[in-house]
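Take a look at this protein chain. Then work through the questions one at a time.

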Amino acid sequence: MRIGDLHYKEVINISTGQRLGYVSDLEFDMQSGKVISFIVPGPRRFWGLLPGDTDYIFPWESIIRMGDDTILISSDGKDPQVKKNIHKKYENSLY
(Lines give C-alpha, C1' and ligand atoms only; values in the text may rest on other atoms or scores of the structure.)
Protein backbone atom coordinates (compact mmCIF):
# COMPACT_ATOMS: atom_id res chain seq x y z
CA MET A 1 0.00 0.00 0.00
CA ARG A 2 1.19 3.51 -0.76
CA ILE A 3 0.90 6.47 1.59
CA GLY A 4 -1.29 8.27 -0.94
CA ASP A 5 -3.83 5.43 -0.75
CA LEU A 6 -4.57 6.33 2.88
CA HIS A 7 -6.15 9.64 1.83
CA TYR A 8 -9.07 7.71 0.36
CA LYS A 9 -9.77 5.65 3.48
CA GLU A 10 -12.48 6.73 5.91
CA VAL A 11 -11.66 6.41 9.63
CA ILE A 12 -14.40 4.90 11.81
CA ASN A 13 -14.25 4.50 15.59
CA ILE A 14 -15.63 1.04 16.42
CA SER A 15 -16.14 1.98 20.08
CA THR A 16 -18.70 4.67 19.23
CA GLY A 17 -19.56 3.94 15.59
CA GLN A 18 -18.64 7.53 14.74
CA ARG A 19 -17.32 8.38 11.29
CA LEU A 20 -14.32 10.61 11.92
CA GLY A 21 -13.33 11.58 8.39
CA TYR A 22 -10.47 10.75 6.05
CA VAL A 23 -6.74 10.50 6.72
CA SER A 24 -5.03 13.76 5.78
CA ASP A 25 -1.45 13.23 6.95
CA LEU A 26 0.95 10.88 8.71
CA GLU A 27 3.67 11.38 11.33
CA PHE A 28 6.88 9.38 10.96
CA ASP A 29 9.77 8.51 13.25
CA MET A 30 12.75 9.73 11.23
CA GLN A 31 15.17 7.31 12.92
CA SER A 32 13.25 4.10 12.23
CA GLY A 33 11.12 5.21 9.27
CA LYS A 34 7.96 3.87 10.92
CA VAL A 35 4.58 5.57 11.02
CA ILE A 36 3.83 6.90 14.53
CA SER A 37 0.37 8.36 14.03
CA PHE A 38 -2.14 9.53 11.46
CA ILE A 39 -4.04 12.80 11.33
CA VAL A 40 -7.73 13.30 10.57
CA PRO A 41 -9.06 16.84 10.06
CA GLY A 42 -11.65 17.99 12.58
CA PRO A 43 -15.12 19.29 11.77
CA ARG A 44 -15.40 21.94 9.08
CA ARG A 45 -16.83 25.41 9.66
CA PHE A 46 -19.29 27.67 7.87
CA TRP A 47 -21.59 24.96 6.45
CA GLY A 48 -18.63 22.79 5.44
CA LEU A 49 -16.99 25.39 3.22
CA LEU A 50 -14.03 26.31 5.45
CA PRO A 51 -11.51 24.01 7.12
CA GLY A 52 -11.87 23.47 10.84
CA ASP A 53 -9.60 24.77 13.57
CA THR A 54 -8.49 21.37 14.88
CA ASP A 55 -6.93 18.15 13.66
CA TYR A 56 -7.22 14.84 15.50
CA ILE A 57 -4.06 12.77 15.93
CA PHE A 58 -4.49 9.03 16.46
CA PRO A 59 -1.63 6.65 17.31
CA TRP A 60 -0.93 4.06 14.63
CA GLU A 61 -1.50 1.33 17.25
CA SER A 62 -5.19 2.33 17.54
CA ILE A 63 -5.88 0.72 14.15
CA ILE A 64 -7.88 -2.49 14.57
CA ARG A 65 -8.49 -3.31 10.91
CA MET A 66 -7.66 -1.67 7.59
CA GLY A 67 -9.92 -2.48 4.64
CA ASP A 68 -10.10 -1.37 1.03
CA ASP A 69 -11.93 1.87 1.85
CA THR A 70 -12.09 2.12 5.67
CA ILE A 71 -9.83 2.10 8.68
CA LEU A 72 -11.41 0.82 11.89
CA ILE A 73 -9.90 2.21 15.07
CA SER A 74 -10.55 1.73 18.75
CA SER A 75 -9.93 4.63 21.10
CA ASP A 76 -11.01 2.68 24.23
CA GLY A 77 -12.73 5.77 25.64
CA LYS A 78 -9.61 7.91 25.22
CA ASP A 79 -9.93 11.19 23.40
CA PRO A 80 -7.53 11.70 20.48
CA GLN A 81 -4.76 14.20 20.74
CA VAL A 82 -5.94 17.52 19.32
CA LYS A 83 -3.72 19.92 17.40
CA LYS A 84 -4.90 23.48 16.83
CA ASN A 85 -4.32 24.79 13.32
CA ILE A 86 -3.04 28.31 12.81
CA HIS A 87 -4.59 30.00 9.80
CA LYS A 88 -2.73 33.30 9.93
CA LYS A 89 -1.06 34.45 6.77
CA TYR A 90 1.51 36.70 8.42
CA GLU A 91 2.11 34.88 11.67
CA ASN A 92 5.85 35.64 11.87
CA SER A 93 5.91 38.92 10.00
CA LEU A 94 7.10 42.21 11.45
CA TYR A 95 4.02 44.17 10.33
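The questions below go from the whole chain to a few residues.

This is a predicted model: local features need pLDDT of at least 70, side-chain atom pairs count only at pLDDT 80 or more, and totals for chains, interfaces and linings use all residues. Residues are numbered from 1 along each chain as its sequence is written, and side-chain values use heavy atoms, with hydrogens and water left out.

Q: Which strand of the protein chain has the highest confidence?
A: Confidence is given as pLDDT, the predictor's score for each residue, from 0 to 100. The protein chain averages 77, and 69% of the residues score at least 70. Strand S8 (residues 81-84) is lowest, at a mean of 58. The highest, at 93, is strand S7 (residues 70-73).

Q: Over which residues does pLDDT stay under 50?
A: A contact means heavy atoms within 4.5 Å. The model has four contacts beyond four places in sequence for this stretch. The stretch under 50 is residues 86-95.

Q: How many helices and how many strands are there in the protein chain?
A: Helices (H or I, at least four residues) and strands (E, at least two) are DSSP runs, numbered from the N terminus. Along the sequence the pattern reads β-β-β-β-β-β-β-β. The count is zero helices and eight strands.

Q: Which residue in S4 is the bridge partner of leucine 26?
A: Two strands pair if DSSP finds at least two bridges between them. Strand S3 (residues 25-28) and S4 run antiparallel, joined by four bridges. Their hairpin has six residues between the strands, and glycine 33 there takes a positive phi near 80°. The partner of leucine 26 is phenylalanine 38.

Q: Why is the pair of phenylalanine 38 and phenylalanine 58 called stacked, edge-to-face or tilted?
A: Rings of Phe, Tyr and Trp (its six-membered ring) pair if their centres lie within 6.5 Å; planes under 30 degrees apart are stacked, over 60 edge-to-face, and the rest tilted. By this rule there are two aromatic pairs. Here the centres are 5.6 Å apart and the planes are at 25°, so the pair is stacked.

Q: Where in the chain are phenylalanine 38 and phenylalanine 58?
A: The pair links distant parts of the chain, 20 residues apart. Phenylalanine 38 is in strand S4 (residues 35-41), and phenylalanine 58 is in strand S5 (residues 54-59).

Q: What kind of aromatic pair do phenylalanine 38 and tryptophan 60 form?
A: Tryptophan 60 is in the loop between S5 and strand S6 (63-66), 22 residues from phenylalanine 38. The ring centres are 6.2 Å apart, with 85° between the planes. Phe38, Phe58 and Trp60 form one aromatic cluster. The pair of phenylalanine 38 and tryptophan 60 is edge-to-face.

Q: Is tryptophan 60 buried, exposed or partly exposed, and why?
A: Buried means under 20% relative accessible area, exposed over 50%, and partly exposed in between (1.4 Å probe, protein chains only). Phenylalanine 38, at 1%, counts as buried. Tryptophan 60 has 28%, so this residue is partly exposed.

Q: Which residues is serine 62 in contact with, leaving aside neighbours within four places in sequence?
A: Serine 62 is in the loop between S5 and S6. At 10% relative accessibility, serine 62 counts as buried. Its contacts are Phe38, Leu72, Ile73 and Ser74.

Q: Is glutamate 61 buried or exposed?
A: Glutamate 61 lies in the loop between S5 and S6. Its C-alpha is 8.2 Å from that of isoleucine 36, 25 residues apart in sequence. With a relative accessible area of 65%, glutamate 61 is exposed.
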